[in-house]
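Could you walk me through this model in the viewer, one selection at a time? I would like to know what to pick next and what I will find there.

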Amino acid sequence: MGKKDGFLLYERQANRTLRPKERIRNFDEFHPRLPDAERRRQAARCMNCGVPFCQSGVQISGMFTGCPLHNLIPEWNDMLYLGNARHALDRLLKTNCFPEFTGHVCPALCEAACTCGLNGDSVTVRDNELSIIEEAFAKGWMAPHAPEVRTDKRVAIVGSGPSGLAAAQMLNQRGHHVTVYERADRPGGLLMYGIPNMKLDKSVVARRVEKMRQEGVEFITNVDVGAGIPAESLVGQYDAVLLCCGAGQPRDLNVPGRDAEGVMFAVDFLTGATKRLIDGAEAVSAAGKDVVIVGGGDTGNDCVGTSIRMGCRSVTQLEMMPKPPAERAASNPWPEWPRVLKVDYGQEEAIDVFGGDPRRFETTVKEILKDDQGRVCALKTVKLKGRDEVPGSEEEIPCQLMLIAAGFVGCRRYIPEAFGVEVGPRGTVAAQEGTHRTSREGVFVAGDMRRGQSLVVWGIVEGREAAREVDAYLMGYTEL
């Protein structure tokens with residue numbers, strides 16, 4: 001702990017945020033980073049607690065708090081404050097394969113558990129993490145390093161999201177020959193096509209993929225394993241197969257009018273928006289439309305921000321759950337994850353552009369109304385009290401584009417069917433208790449495909465853990 005009174009001397013200062021009307025002009029990232037001197041002061045606020053809850057990654061009252069990767073946060077904060085950036089990088093990479101991803105999009109479970117947050121403002125852990133890794137790339141410290149010794153083992157990884165990339169990096173560094181199959185035209189999974197550019201610029205994903213290519217990982221894109229090529233061809237060619245295909249089955253709405261034109265899943269909308277941005281491809285646009293988004297989570301918020309940048313006429317976000325409190329309730333003490341009202345970037349932009357929060361809590365869709373051409377023209381909504389509809393609360397709101405962001409119900413079924421592995425009651429691939437082994441010998445599973453819809457940081461955790469199991473399976477032991 002280099003600055004024992006840093007948390008008393010310095011106030012929290014997060015990365016600056018561009019004003020809504022400025023940032024909605026484009027799809028660029030909008031958080032300019034702090035100067036080095038200020039970043040070091042922010043690192044000095046870390047107290048190197050005797051019990052660093054920030055890196056605990058434990059479950060309390062049914063929710064996780066602290067970093068699931070168990071990042072050595074006090075150590076690299078101390079090194080950052082002292083100006084020892086190389087040492088800070090070494091400690092950061094010891095537990096996290098991709099700090100540039102978590103530094104952009106992680107909800108910062110670490111900051112929610114920071115001891116400074118008990119009576120004040122938590123340390124800017126996520127911003128500090130991003131600063132360390134970006135400086136490393138800028139100064140050439142992240143040059144490719146291929147393994148000096150190779151084994152004769154070959155591993156196929158199906159899916160190139162956070163878990164697939166993390167497992168590929170670990171197994172490649174171990175010396176195995178790793179091939180990653182991706183059905184999209186670019187590697188990255190949800191990092192590439194599920195998260196908008198203003199949250200995670202695609203150059204950041206491409207930079208990491210290129211580094212992995214130079215280190216020996218082979219990427220094969222535009223291949224849909226289980227449909228485009230048979231699963232058995234992979235099982236026959238490789239010593240182990242790891243399934244990292246995500247929770248790709250979106251939850252649908254069973255309401256009258258669901259077949260209307262202009263009703264689509266949020267993930268398809270966001271994918272199209274990104275493809276149009278980077279390739280100029282044809283995609284559904286929100287320009288000039290009244291957009292209604294069903295779902296109040298991160299994906300719904302991303303749809304709000306994307307629709308505003310496209311020039312929508314209005315945007316409304318429907319949320320079935322009650323509005324959270326503005327402050328922690330007594331039943332939700334630190335270091336639990338704070339169950340409080342969050343105004344994310346998309347909602348902040350909607351407030352600035354349209355004059356009000358786009359969210360309608362305790363509200364759901366009762367019917368989708370169509371015009372004479374079968375296109376959605378309005379929605380009939382109803383208020384909820386728990387699971388029950390409130391009599392007389394029906395309302396009709398204009399809508400020409402409806403986006404379903406209601407979460408996911410497991411993986412796409414054709415993949416486990418093709419590999420002949422069991423699926424559990426939650427729609428995810430069943431793994432043996434406490435492992436990543438499926439019901440089929442030599443076939444493993446990780447990420448959202450195993451644990452269900454989750455965070456990027458959990459995908460990285462899953463990929464690292466699965467890599468360790470695959471390595472032990474191949475070699476009889478593991479040093480990962």
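**A loop residue to start**

Begin with Ala-329, which is partly exposed because its relative accessible area is 36%. Keep in mind as you go that this is a predicted model. Ala-329 sits in the loop between β9 (314-319) and α15. Now add Thr-124 to the selection and draw a C-alpha to C-alpha distance: Ala-329 and Thr-124 are 24 Å apart in space, with their positions 205 residues apart in sequence.

**A strand residue for contrast**

Next, select Leu-242, found in strand β6 (residues 240-243). Is Leu-242 buried or exposed? Leu-242 is buried, with 0% relative accessible area. Pick Val-267 as well; its C-alpha lies 24 Å from that of Leu-242, and the two residues are 25 apart along the chain.

**Salt bridges**

Time to show the charged side chains. How many salt bridges does a search of the whole structure find? The search gives 29, and three of them make good stops.

*Stop one.* Select Arg-23 and Glu-349, whose side chains form a salt bridge with an N to O distance of 2.6 Å. Arg-23 belongs to helix α2 (residues 20-23) and Glu-349 to helix α15 (residues 345-354), so this pair ties together parts that are 326 residues apart in sequence. Both ends are covered: Arg-23 is buried, and Glu-349 is buried too.

*Stop two.* Move to Glu-389 and Lys-366, a salt bridge in which the closest N and O atoms are 2.9 Å apart. Here the link runs between strands, with Glu-389 in β13 (residues 388-389) and Lys-366 in β11 (residues 363-370), 23 residues apart. Switch on a surface to look at both ends: Glu-389 counts as partly exposed because its relative accessibility is 43%, and Lys-366 also counts as partly exposed, at 29%.

*Stop three.* Now pick Arg-450 and Glu-462, which form a salt bridge with their closest N and O atoms 2.7 Å apart. Arg-450 lies in helix α17 (residues 448-451) and Glu-462 in helix α18 (residues 456-475), so the pair ties together parts 12 residues apart in sequence. What is the relative accessibility at each end? Arg-450 has 23% and counts as partly exposed, whereas Glu-462 has 1% and is buried.

Before leaving the salt bridges, select Arg-23, Arg-309, Glu-348 and Glu-349 together: salt bridges with shared partners join these residues into one network.

**Along helix α18**

Stay with α18, the helix that holds Glu-462, and show it as a cartoon. From its first C-alpha to its last, α18 reaches 29 Å over 20 residues, close to the 28 Å expected at 1.5 Å a residue. Colour α18 by accessibility and you will see a mostly covered helix, with 15 of the 20 residues buried. Step just past the end of α18 to Gly-476, where phi is positive, at about 85°.

**The cysteines**

Show the cysteine sulfurs next. How many disulfides does the count come to? The count is zero. Select Cys-244 to see one case: the closest cysteine sulfur is in Cys-245, at 7.2 Å, which is too far for a bond. Cys-244 counts as buried, with 5% relative accessibility. Then go to Cys-312, whose closest cysteine sulfur, in Cys-303, is 11 Å away and so too far for a bond. Cys-312 is buried as well, at 9% relative accessible area.

**The second largest pocket**

Finish at the second largest pocket, which has a volume of about 420 Å³. Which residues lie nearest the centre of this pocket? Select Leu-93, Met-142, Gln-169, Gln-173 and Lys-211, the ones nearest the centre out of 18 lining residues.

To see where the walls come from, colour three helices: α5 (85-93), α9 (162-174) and α11 (202-214) each supply at least two lining residues. The largest share belongs to α5, with four residues. Finally, colour the lining by residue type, and it divides as follows:

- seven nonpolar residues
- four polar residues
- seven charged residues

Technical notes
Residues are numbered from 1 along each chain as its sequence is written. This is a predicted model: local features need pLDDT of at least 70, side-chain atom pairs count only at pLDDT 80 or more; totals for chains, interfaces and linings use all residues. Side-chain values use heavy atoms; hydrogens and water are left out. On a 1 Å grid over the protein atoms alone, a cavity is a set of points where a 1.4 Å probe fits but cannot get out, and a pocket is an open set with protein on both sides within 12 Å along at least five of seven lines; lining residues have an atom within 4 Å of a point. Grid points are joined across faces, edges and corners, and a volume is the space filled by probe spheres set on the points. Ala, Val, Leu, Ile, Met, Phe, Trp, Tyr, Cys and Pro count as nonpolar, Asp, Glu, Lys and Arg as charged, and the others, Gly among them, as polar. A salt bridge is a side-chain nitrogen of Lys or Arg within 4 Å of a carboxyl oxygen of Asp or Glu. Buried means under 20% relative accessible area, exposed over 50%, partly exposed in between (1.4 Å probe, protein chains only). The expected span of a helix is 1.5 Å times one less than its number of residues. A disulfide is a pair of cysteine sulfur atoms within 2.5 Å.
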